[in-house]
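Student: Could you walk me through how the helices pack against one another in this one? I'd like a close look at that part, with whatever else helps to place it.

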Amino acid sequence: MPVADFDPNPWEAGDCHKLKASAQDPLIARQTFTLKLADIQALKRQLVLQSKPPISTLSSFVAIAAHFWVCLVKSKVRSNKNEATSLWLLVDLRSHFSSISSENDAFFTGNCIRGIQAKSTCKDLTGPNGLASACVAITQAVQTVREEPMKGVDNWPEEFKNRPIGMSFMVAGSTRYGAYNVDFGWGKPGRVELVSMNYDGEVSMLAGQEKGSVQATVGLAHEHIEMFSNAFMTGFFNGEILKAINKKKKIFASCITLFRQM
């Protein structure tokens with residue numbers, strides 16, 4: 001099961017120094033989850049079972065991002081389940097330009113990042129196949145960037161401006177971002193937290209300390225964090241542990257039946 005680490009002290013929205021929030025900005029709570037390799041594999045198995053036709057290739061990033069998106073929607077949606085929702089992903093475009101090889105990064109200073117938007121509805125994501133629906137939407141958004149990295153460049157600011165407020169979320173970072181391997185001469189860090197991510201509905205990912213694990217942190221309005229945490233953990237519980245429990249129940253029931261027949 002994923003390990004959850006909860007910060008009980010809410011952060012002010014938009015500021016990591018706990019300055020007084022404006023009337024429009026909620027208090028933000030942060031929670032960090034560490035997903036072991038077995039947790040990620042269990043999540044992928046759920047996605048394969050839900051998907052029709054089955055998903056053949058599935059990255060850890062897409063699987064985790066899809067689960068976060070579904071849980072964020074579940075924690076916030078109320079009566080209007082037909083409401084639109086979107087997940088913004090930050091993508092480094094350098095590897096997607098065919099004219100520029102990885103050996104020719106001198107064309108860039110810093111990075112070349114754009115935001116892409118996966119779109120769905122709250123109804124689809126809270127339904128029985130919500131995880132698969134989220135995964136398909138994210139995969140389609142990523143595929144669009146691979147095919148045409150600069151498509152609609154003039155409309156990017158307008159797209160972000162017109163995102164569905166309240167049901168628009170963002171994922172940054174990477175499951176391969178090895179922050180725990182950084183050593184400035186006094187040893188590797190014992191704990192890494194990205195203090196700059198403190199907006200409502202924001203998620204960051206990085207590679208965990210244990211091989212194959214992923215550390216993911218969510219920033220969410222304080223009144224929604226408990227519901228989000230329950231949805232997040234229940235997603236793993238229902239998928240794998242409940243299956244094991246049911247299997248044991250069947251074995252136990254079979255033993256009782258056999259005993260009565262003796």
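Tutor: Helix 2 passes helix 4 in a right-handed crossing, and keep in mind as we go that this is a predicted model. Helix 2 covers residues 60-76 and helix 4 covers residues 130-147. Their axes sit 8 Å apart, and the packing angle is about 120°. Angles from 65 to 115 degrees would count as roughly perpendicular and those over 145 as roughly antiparallel, so this pair ends up oblique. On the helix 2 side, the contact is made by Val62, Ala65, Ala66, His67, Trp69 and Val70. Helix 4 answers with Gly130, Leu131, Ala134, Cys135, Ala137, Ile138 and Thr139. Sort these contact residues by character and you get ten nonpolar, three polar and no charged.

Now bring in helix 1, residues 37-50. The axes of helix 1 and helix 4 come within 8 Å, crossing at roughly 95°, and that pair is therefore roughly perpendicular. Helix 1 puts Leu43, Gln46, Leu47 and Gln50 into this contact, while helix 4 brings Gly130, Leu131, Ala132 and Cys135. The tally here is five nonpolar, three polar and no charged. If some of those helix 4 names sound familiar, Gly130, Leu131 and Cys135 are in the contact with helix 1, and they also turn up in the contact with helix 2.

To close the loop, take helix 1 against helix 2. Their axes come within 10 Å and cross at roughly 75°, which makes this pair roughly perpendicular too. The residues involved are Ile40, Leu43, Lys44 and Leu47 from helix 1, with Ser60, Ala63, Ile64 and His67 from helix 2. They divide into five nonpolar, two polar and one charged. Leu43 and Leu47 do double duty: they touch helix 2 residues in this contact and are part of the contact with helix 4 as well. His67 of helix 2 plays a similar part, with a place in the contact with helix 1 and another in the contact with helix 4.

One more stop on helix 4 is Thr144. Its relative accessible area is 37%, so Thr144 counts as partly exposed. The C-alpha atoms of Thr144 and Ile116 are 8.9 Å apart, although 28 residues separate them along the chain.

For contrast, hop over to strand 7, residues 214-221, where you'll find Thr217. Thr217 has 3% relative accessibility and so counts as buried. Its side chain makes a polar contact with the side chain of Thr32, at 2.8 Å. Leaving out residues up to four places away in sequence, Thr217 touches Arg30, Gln31, Thr32, Glu193, Met197, Glu202, Val203 and Ser204.

Stepping back, the protein has six helices and seven strands, and their order along the sequence is β-β-α-α-β-β-α-α-α-β-β-β-α. Of its 262 residues, 40% are buried. Among contacts with a separation of 6 or more, 72% join residues 24 or more positions apart.

Technical notes
Residues numbered from 1 in each chain as written. Predicted model: local features only at pLDDT ≥ 70, side-chain atom pairs only at ≥ 80, totals over all residues. Heavy atoms only, no water. Axes fitted to C-alpha atoms, helices over the stretch in contact; angles between N-to-C directions. Helix = DSSP H or I, 4+ residues; strand = E, 2+ residues; numbered from the N terminus. Parallel < 35°, antiparallel > 145°, perpendicular 65-115°, else oblique. Left-handed = near helix turned anticlockwise from the far one by under 90°. Contact = heavy atoms within 4.5 Å. Nonpolar A, V, L, I, M, F, W, Y, C, P; charged D, E, K, R; others polar. Buried < 20%, exposed > 50% of the residue type's maximum accessible area, 1.4 Å probe, protein only. Polar contact = N/O pair within 3.5 Å; in protein donor to acceptor, adjacent residues only side chain to side chain.
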